[in-house]
Each structure stands twice: as structure tokens, then as C-alpha cells.
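Colleague: I've never read a protein model before. Could you walk me through one, feature by feature?

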Amino acid sequence: MSIPVDHMKWMYETMYKIRYYEETMVQAYTEGKQPVFNIGSGPVPGEMHLAPGQEPAAVGICAHLRPEDTVASPHRPHHHAIAKGVDLNRMTAEIFGKVTGLGKGKGGHMHLFDPAVKFSCGGIVAAGMPHAVGAALAAKMKGKDWVAVAFIGEGAANAGAFHESLNLAALWKLPFIVVIEDNSYGISVPKKQSTAIASNDLRASAYGIPGYLVKDNDPLEMYRVSEEAVSRARRGEGPSIIEIETDRYLGHFQGDPELYRDKQEVPGLRQRDPIGRLEAKLLQEGAVSKDDIELMQTRAKKAVDDAYTFSRESAYPAPQDALQDVFA
Ligand SMILES: Cc1ncc(C[n+]2csc(CCOP(=O)(O)OP(=O)(O)O)c2C)c(N)n1
Ligand SMILES: [Mg+2]
């Protein structure tokens with residue numbers, strides 16, 4: 001299957017945007033937290049889980065999704081949100097705790113909800129799976145060809161909700177896909193020490209559904225297998241598992257001293273960086289010119305810079321509104 005050039009360009013620009021967004025967030029998050037790290041200080045208080053290196057998982061499948069399709073994301077949600085088309089200004093304002101945010105500044109980085117593109121996320125590991133299965137059931141009951149995707153980490157594949165969700169989705173042939181991002185670690189625990197099998201796509205046979213393994217953090221292979229899984233789901237043929245071997249360039253959270261991995265590991269991983277590889281491929285095949293690349297990069301950076309400016313300039317919620325829109 002050849003991939004349409006406009007889809008490859010979209011994937012390149014979106015991966016670039018995600019990377020720049022996360023790198024900008026590293027700076028914003030660090031402000032006010034030096035020289036002594038205090039999680040409550042600075043313009044972005046609270047925990048922060050970023051995803052540079054993990055862009056292929058998000059763009060490869062979201063290239064096939066529409067606003068009506070559901071995405072449930074975990075505690076590391078920015079790459080999925082950007083690829084799904086969540087409003088960048090309101091998402092960033094939410095992370096800054098501003099009143100213009102998706103949740104009026106009361107949710108923060110792990111609680112981004114955008115009903116316009118059916119996006120949600122949450123910090124409870126594997127909890128997005130049953131939510132997405134529920135959305136898939138709703139689509140089926142309404143007779144729509146919508147699909148629901150849950151993104152999880154490889155650590156989450158060992159949680160009970162993984163089995164419960166896939167069993168029901170397979171039994172009821174629901175339009176559900178789980179994308180497992182194998183970034184080799186659950187916090188500090190290597191996959192080898194948490195998971196009994198080499199790759200989680202093998203678990204698909206337990207549910208009688210297709211399982212795909214994407215190696216080498218390859219966005220184009222992720223695109224290809226996602227096309228199969230998404231069209232199968234839209235045709236009413238049921239769920240699939242996709243696992244992608246991906247790379248986490250940063251710590252589990254910002255501030256993680258990363259004592260559990262060799263200092264040379266990340267420089268090694270960066271040598272196979274998926275954004276650089278896709279850029280080289282597009283140029284080599286003559287699909288884009290150097291000017292096209294520059295245009296895409298400039299456009300992506302501007303969208304991100306605008307979102308950060310919007311967020312910094314927005315107001316905080318008023319103290320008297322603290323108990324509005326919450327369960328109190
Ligand atoms: C039910 C539950 N147990 C434990 C935690 C604490 N916790 C947060 S992230 C995480 C590890 C997740 O690893 P993985 O699923 O591989 O995702 P990654 O962080 O690598 O993206 C854990 C144990 C949690 N948030 N929820
Ligand atoms: Mg992991």
C-alpha cells in the first residue's frame with residue numbers, strides 16, 4: 001500500500017508540532033522550579049509526563065480518524081491530543097491552569113477533555129480502555145461507523161482493565177482499537193521485569209482478534225497497520241491490538257533523575273529519531289522540497305508559540321468559582 005503524500009506530510013508536520021510543543025513545555029515547566037525542585041511552583045504546577053520520541057504512535061493512527069471517533073489517552077496525553085486535533089490554545093491554557101482552558105483550568109495536564117473531537121485522558125493507568133469500549137458500544141448501538149481508540153503504555157497492558165475491556169470488545173465485536181506504546185518502561189521498571197511475553201500483540205489470539213506489532217518506532221508502518229485496524233472496525237468486524245516499539249527520550253515525569261537507565265541510552269535512541277527519518281524519506285522521494293519542509297516547520301512552531309502566548313496571557317479562574325463545575 002502506498003501512502004498518499006498529503007498524509008505523509010500531515011504526519012511529518014504533526015510530529016514536528018508535537019516535538020516542539022513538548023520541548024517548549026520542558027522550558028515552561030522548569031520555570032520557577034530551579035534551583036530547588038518544588039512541584040507546586042512555577043507557571044505549570046503539578047506532575048508532567050511528556051512524550052518526545054513517541055510521536056509515531058499518535059500520528060500513525062490519528063491520520064485515519066475523524067472528529068466523531070473517540071480517543072481515550074492516559075497520563076502522557078499531549079501527543080495524542082495534538083494528533084486528534086484538540087484545540088491547542090485551550091489545551092495549553094488548561095495545562096497552565098487558566099480559565100480559558102478546556103476545563104476552565106481545573107483539570108490540568110492529565111485531565112484534558114475536548115468533546116468537539118471526542119478526546120479525553122486520565123491519570124489512572126488503563127482506565128481509558130473501558131471508557132473507549134463504552135464509546136465503541138455507543139457507536140455500534142447508534143449504527144454509526146465511528147471507532148474508539150485507547151492509547152496505553154506497555155505497563156498498563158498488565159492491568160486487569162486490559163483483559164476485561166478486550167474480552168467484552170471482542171465478544172460484542174465492537175469498533176475498538178488499543179494502541180500500546182512500548183517505551184520499554186513503566187516509570188522505572190523495564191518491560192522485561194513486568195511482562196511475561198515479548199510483545200503484547202501476541203495477546204490478541206486470546207481474544208480471537210488481530211494483533212499487530214510495529215517495530216523500530218516507524219510512523220509509516222504504524223499508519224499501514226492502523227489503516228487495516230480502523231477499516232476493520234468501521235466495517236463492524238471488531239477490535240484489534242496494535243503494539244508499537246517506541247522511545248521515551250525524557251524521564252517518566254519531569255524531574256525524574258532516571259537512575260534506572262544508562263546515560264548513553266537516550267543518545268542512542270535519538271539516532272533513529274522518527275521525525276528526521278521521515279523528513280529524509282520525503283526529501284529523497286521528491287515528495288517535498290526543502291522549502292516545503294521549512295513551511296511546515298514554521299507553521300507548526302507558530303501554532304505552538306501562539307498557544308503558549310494565549311495561555312500565559314489568559315487569566316486564572318476566580319477564587320469564588322472554585323466550587324463551580326466540580327463534584328463538591
Ligand atoms: C491504577 C494505577 N496504578 C498506578 C499508577 C501510578 N503510575 C502512573 S504512570 C505508571 C506507569 C505507567 O507505565 P506505562 O503504562 O508503560 O506508561 P508510560 O508512563 O511508560 O507512558 C504508574 C504505575 C496509576 N496512575 N494508576
Ligand atoms: Mg511504558
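Modeller: Sure. One term to begin with: contact here means heavy atoms within 4.5 Å. Keep in mind, too, that this is a predicted model.

Colleague: Okay, so which strands does helix α2 lie across?

Modeller: Helix α2, residues 55-62, lies across β3 (148-153), β4 and β8. Its direction is at about 170 degrees to β3. Helix α6 (residues 160-171) also packs on the sheet, where it touches β3, β4 and β8. The direction of α6 makes about 150 degrees with that of β4.

Colleague: And the sheet itself? In what order do its six strands come?

Modeller: Read across the open sheet and you get β2-β1-β3-β4-β8-β7, with parallel pairing. The edges are β2 (119-121) and β7 (211-214); each has a single partner strand, so one side of each is left without a neighbour in the sheet. From one strand to the next, the twist averages 15 degrees.

Colleague: Can we zoom in on one pair? How many bridges join β4 to β8?

Modeller: Six bridges join them, and the two strands run parallel. Here β4 covers residues 176-182 and β8 covers residues 240-245. For a spot to click on, try Ile180, which stands opposite Glu243 in β8.

Colleague: Now the ligand. Which residues come nearest to ligand 1?

Modeller: For this, a residue counts as near if one of its heavy atoms lies within 4 Å. There are 14 residues around ligand 1, and His75, Arg76, Gly123, Asn183 and Tyr185 come nearest. By type, the shell splits into five nonpolar, seven polar and two charged residues.

Colleague: What polar contacts should I look for?

Modeller: Look for pairs of N or O atoms within 3.5 Å. Asn183 puts a polar side-chain atom 2.8 Å from an oxygen atom of ligand 1. Tyr185 uses a backbone N or O atom, again 2.8 Å from an oxygen atom of the ligand. With Val125, a polar backbone atom is 3.1 Å from a nitrogen atom of ligand 1. On its own, ligand 1 has 580 Å² of accessible area, and the protein covers 68% of that.

Colleague: Any backbone details to check in the loops?

Modeller: Two. The peptide bond from Gln34 to Pro35 is cis, with omega near 5 degrees, and Pro35 sits in the loop between α1 (5-30) and α2. Then there's Lys104: not a glycine, yet its phi is positive, about 55 degrees. You'll find Lys104 in the loop between α4 (88-95) and β2.

Definitions and conventions: Residues are numbered from 1 along each chain as its sequence is written. Chains are lettered from A and ligands numbered from 1 in the order in which they are written. This is a predicted model: local features need pLDDT of at least 70, side-chain atom pairs count only at pLDDT 80 or more; totals for chains, interfaces and linings use all residues. Side-chain values use heavy atoms; hydrogens and water are left out. A polar contact is a pair of N or O atoms within 3.5 Å; within protein, one must be able to donate a hydrogen and the other to accept it, and residues adjacent in sequence count only if both atoms are side-chain atoms. Accessible areas come from the Shrake-Rupley method with a 1.4 Å probe; for residues, only the protein chains shown count as cover. Ala, Val, Leu, Ile, Met, Phe, Trp, Tyr, Cys and Pro count as nonpolar, Asp, Glu, Lys and Arg as charged, and the others, Gly among them, as polar. Two strands pair if DSSP finds at least two bridges between them. Helices (H or I, at least four residues) and strands (E, at least two) are DSSP runs, numbered from the N terminus. Axes are lines fitted to C-alpha atoms, for helices over the stretch in contact, and angles run from 0 to 180 degrees between N-to-C directions.
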